[in-house]
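Visitor: I've got a model open on my screen and some bench questions to go with it. Could you walk me through it?
Guide: Happy to, let's take a look together.

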Amino acid sequence: MRLVLFPYFREIFETIKKDKPLIHHITNYVTVNDCANTVLALGGSPVMADDLAEVEEMVSLASALVMNVGTLNQRTIEAFVLAGKKANALGTPVVLDPVGVGATALRTQTVQRILEEVQLSVLRGNMSEIKSIYGQGGKTRGVDSIDDSLMGGREIALELAKRLNCVVVITGATDIVSDGEQVFYIENGHEMLSRVTGTGCMTTSLIGLCVGTKKNPFHAAIMGTAVMGLAGEKAYEALPHKEEVGTFRVKLMDAIGSFSITLMEESVKIHEA
Amino acid sequence: MRLVLFPYFREIFETIKKDKPLIHHITNYVTVNDCANTVLALGGSPVMADDLAEVEEMVSLASALVMNVGTLNQRTIEAFVLAGKKANALGTPVVLDPVGVGATALRTQTVQRILEEVQLSVLRGNMSEIKSIYGQGGKTRGVDSIDDSLMGGREIALELAKRLNCVVVITGATDIVSDGEQVFYIENGHEMLSRVTGTGCMTTSLIGLCVGTKKNPFHAAIMGTAVMGLAGEKAYEALPHKEEVGTFRVKLMDAIGSFSITLMEESVKIHEA
Amino acid sequence: MRLVLFPYFREIFETIKKDKPLIHHITNYVTVNDCANTVLALGGSPVMADDLAEVEEMVSLASALVMNVGTLNQRTIEAFVLAGKKANALGTPVVLDPVGVGATALRTQTVQRILEEVQLSVLRGNMSEIKSIYGQGGKTRGVDSIDDSLMGGREIALELAKRLNCVVVITGATDIVSDGEQVFYIENGHEMLSRVTGTGCMTTSLIGLCVGTKKNPFHAAIMGTAVMGLAGEKAYEALPHKEEVGTFRVKLMDAIGSFSITLMEESVKIHEA
């Protein structure tokens, strides 16, 4: 399995290093700095712009658009739609992070609207967020109506990817990535990643950078997700004392900045589900 | 004195670890990431949301509401009031950080409006901010009209707590905490805390997390304040060279993330004033 | 050359330490925390405020105004102009960072409007940004119409400084600073500075702090720029492994926080162009 995917990963990484793709973010003000530094650390070029008067022009310059609804407001909601449509018109990949969808009606409706008006390349969320979106399909069911024992992450990723016609990434202890036909599990990462805010957002930005190479978005989504998992492991190994969340965060950025395909070939744990 | 309070501190900390209280922040974009990471480091779950269309719903999910006026604007001012009233209606504790009150009329009027329309559980500011609020009471006096030599922090905290019917925390070299009946001094902390932006905001978030346990807000406010002081001391001890403000900030997060009641029992310096 | 400027640098630094100048920022939400911590680390006092209802009052309290258009929106654009005019009326220095000017019409028009309505003390950008502004003068030419081989950075800085009647700083591998009469090159810095987001914004904030001393703005702009270059070198020297972008960022803040005139006298590489 690995042998099949590695050449694609290598090509994506070499394209990043060569082209430094510009990744346009419309994102939240909590983790925005980490998203920018993450993209920069792996070799891309981040730009943040959210005013209605410039998002279409900015996305025209970009290789991918990352939309993150973490601290959405009435102004940025319109920017999501406007920028997303423009990206679609240009054939520029769009990645969505539906932060907190299901928690409030505003988030649920905004994500629903984006899904209706914008064609995504990749959707990335945690299990709770993805289940919330999955549950709204057609019947607008609540999250709780999904029976976890019958309907696991594998099926949700697969079916949602088919329904939305995009790659779906569910991050967690095991990451699940599907393009609607295949499903891969990624077993990298470390529990400490959940003790730093924004590691989900940063994963979405890494995916945005990888799809910004215009290579196969399924491979790009797997790669972006795996980079964060591998960086988390490497950061933890580099911790002198194991409970240091502040130092872990610094080492995480170090690890993203020194990522290599060799590390990936040695340590990534990907298998088809 | 210590023996009286320690069981309460232990109960608050164990509740945090068990329940991971969700702390809804409406806060500034300068220190918001540090506030989120601080809450996460001590064991809580931060969420930031400030749009009028979702703050009431978000605060309904939360265990406490932290309001910080650091970069207030016309949109967020209405969000403070709306979320604060909803929190009051639900019996959810509200903590206010009146950043820069007294510096501009907008801040002074906004804080005044919040105090009139929202019942706080805890108000935390530095001496200058608390004096500004104290001075406005009834006679809307300016800060400078307060005679420091006659009216010290102890009296201000005590009387303001009585007037506002909430706990008042004045942070500084010595932190002062009052519920309108008792006053405690906390002598922990380190001067380096004043060389990193947002340590005041982070203290407010820690207090928000502690009151989010729904235990006695006076104990919770003392505990949240003491955690930051103790973390500051521990971070400074861990500095290889003593002038490193960047490293200090990292170690501060490490110290919050590895906080324990044992450390508190050994090192906290609290006494009744 | 050094001997001529050092007494001015020393005076600026001593004034910072003595007065802790308040630096009012209207800036982007990506790098705002780094800007605040940078100002604090060198000895100043940062404040961020962008609502139309308070920017005039806040700038009245400040020693300098830093305007950074990184994530501009319709609301903050008006705040730039309002605060800038007020600063002019008060004789308070204004520093502008035209982030991304030339990338979108909104940025180009906003920067143009600021330049028409506000008298700057210092303009700081990278070569691409400064060329974009330079090209718009009078004939509103596009960036690409400038012939780099005939028109180098030295001439652009010199002529733009003359035209705008302010100090112009072009940061890059070699930093170029001109007041319209003289041009200085600063050869400090390290390539790693380009691998951390916001080092340009932070340089602008350092310049803002230095001009906030109300000393000669040309000297202040040189000093602010040199502090970042020297800190970048020192941070790189302190890196255990040379590829660590996260650790570099921490060490960078350490280096700014322990900056000394002695270091500057020993290591700064400034010469007239």
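Guide: One cut-off before we start: a residue counts as buried when its relative accessible area is under 20%, as exposed when that area is over 50%, and as partly exposed in between. Keep in mind too that this is a predicted model.

Visitor: Is C:Glu54 buried or exposed?
Guide: The cut-off for buried is under 20% relative accessible area. C:Glu54 comes out at 0%, so the label is buried.

Visitor: Which residue meets the side chain of C:Glu54 in a salt bridge?
Guide: C:Glu54 sits in the loop between strand S2 (45–48) and helix H3 (55–61) of chain C, and the partner lies in helix H5 (residues 105–117) of chain B, so the pair joins two chains. The partner is buried as well, with a relative accessible area of 1%. The N to O distance is 2.7 Å, and the partner is B:Arg107.

Visitor: What about chain B and chain A: which side chains meet in a salt bridge there?
Guide: The count between chain B and chain A is 1 salt bridge. Its N to O distance is 2.7 Å, and the side chains are those of A:Arg107 and B:Glu54.

Visitor: How much area is buried between chain B and chain A?
Guide: In terms of residues, 23 from chain B are in contact with 25 from chain A. Carbon and sulfur atoms give 51% of the buried area, and the total is about 2,000 Å².

Visitor: Which residues of chain B lose the most area to chain A?
Guide: There are three names here, and together they make up 22% of what that side buries. One of them, B:Glu54, also meets A:Arg107 in the salt bridge. The full set is B:Asn33, B:Glu54 and B:Asp254.

Visitor: How many residue pairs are in polar contact across the interface of chain B and chain A?
Guide: The rule takes pairs in which both residues are at pLDDT 80 or more. With that filter, the number of pairs is 15.

Visitor: Which element gives the largest share of the side of chain B that touches chain A?
Guide: The elements giving two or more residues to that side are helix H2 (32–42), helix H3 (55–61) and helix H10 (245–257) of chain B. By residue type, that side divides into 12 nonpolar, 5 polar and 6 charged. The largest share is 6 residues, and the element is H2(B).

Visitor: Over to chain A. Which residues does the UniProt annotation "binding site" cover?
Guide: The annotation comes from an unreviewed entry, so it may be inferred rather than shown by experiment. In the model, the residues cluster in space although they are spread over 48 residues of sequence, with a largest C-alpha distance of 7.4 Å. The record names A:Arg124 and A:Thr171.

Visitor: Which side chain is joined to that of A:Arg124 by a polar contact of 2.9 Å?
Guide: A:Arg124 lies in strand S5 (residues 122–126) of chain A, and at 4% relative accessibility it counts as buried. Leaving out residues up to four places away in sequence, A:Arg124 touches several residues, including A:Leu96, A:Pro98, A:Val169 and A:Cys201. The polar contact of 2.9 Å is with the side chain of A:Asp97.

Visitor: What is the distance of the polar contact between the side chains of A:Thr171 and A:Arg124?
Guide: A:Thr171 is found in strand S6 (residues 167–171) of chain A. Its relative accessible area is 18%, which is under 20%, so A:Thr171 is buried. Beyond its neighbours within four places in sequence, A:Thr171 is in contact with A:Gly125, A:Asn126 and A:Thr203, among others. The side-chain polar contact with A:Arg124 has a distance of 2.5 Å.

Visitor: Which residue forms a salt bridge with C:Arg75?
Guide: C:Arg75 is in helix H4 (residues 74–90) of chain C, and the partner is in the loop between S2 and H3 of chain C, 24 residues apart. C:Arg75 counts as partly exposed at 29% relative accessibility, whereas the partner is buried at 2%. The closest N and O atoms are 3.9 Å apart, and the partner is C:Asp51.

Visitor: And how many salt bridges are there over all chains?
Guide: One of them pairs A:Lys18 with A:Asp19, at 3.1 Å between the closest N and O atoms. There, A:Lys18 is exposed at 63%, while A:Asp19 is partly exposed at 43%. A search of the whole structure gives a count of 39.

Notes: Residues are numbered from 1 along each chain as its sequence is written. Chains are lettered from A and ligands numbered from 1 in the order in which they are written. This is a predicted model: local features need pLDDT of at least 70, side-chain atom pairs count only at pLDDT 80 or more; totals for chains, interfaces and linings use all residues. Side-chain values use heavy atoms; hydrogens and water are left out. Contact means heavy atoms within 4.5 Å. Buried area is the accessible area (1.4 Å probe) that two parts lose on being put together, summed over both. A salt bridge is a side-chain nitrogen of Lys or Arg within 4 Å of a carboxyl oxygen of Asp or Glu. A polar contact is a pair of N or O atoms within 3.5 Å; within protein, one must be able to donate a hydrogen and the other to accept it, and residues adjacent in sequence count only if both atoms are side-chain atoms. Helices (H or I, at least four residues) and strands (E, at least two) are DSSP runs, numbered from the N terminus. Ala, Val, Leu, Ile, Met, Phe, Trp, Tyr, Cys and Pro count as nonpolar, Asp, Glu, Lys and Arg as charged, and the others, Gly among them, as polar. Buried means under 20% relative accessible area, exposed over 50%, partly exposed in between (1.4 Å probe, protein chains only).
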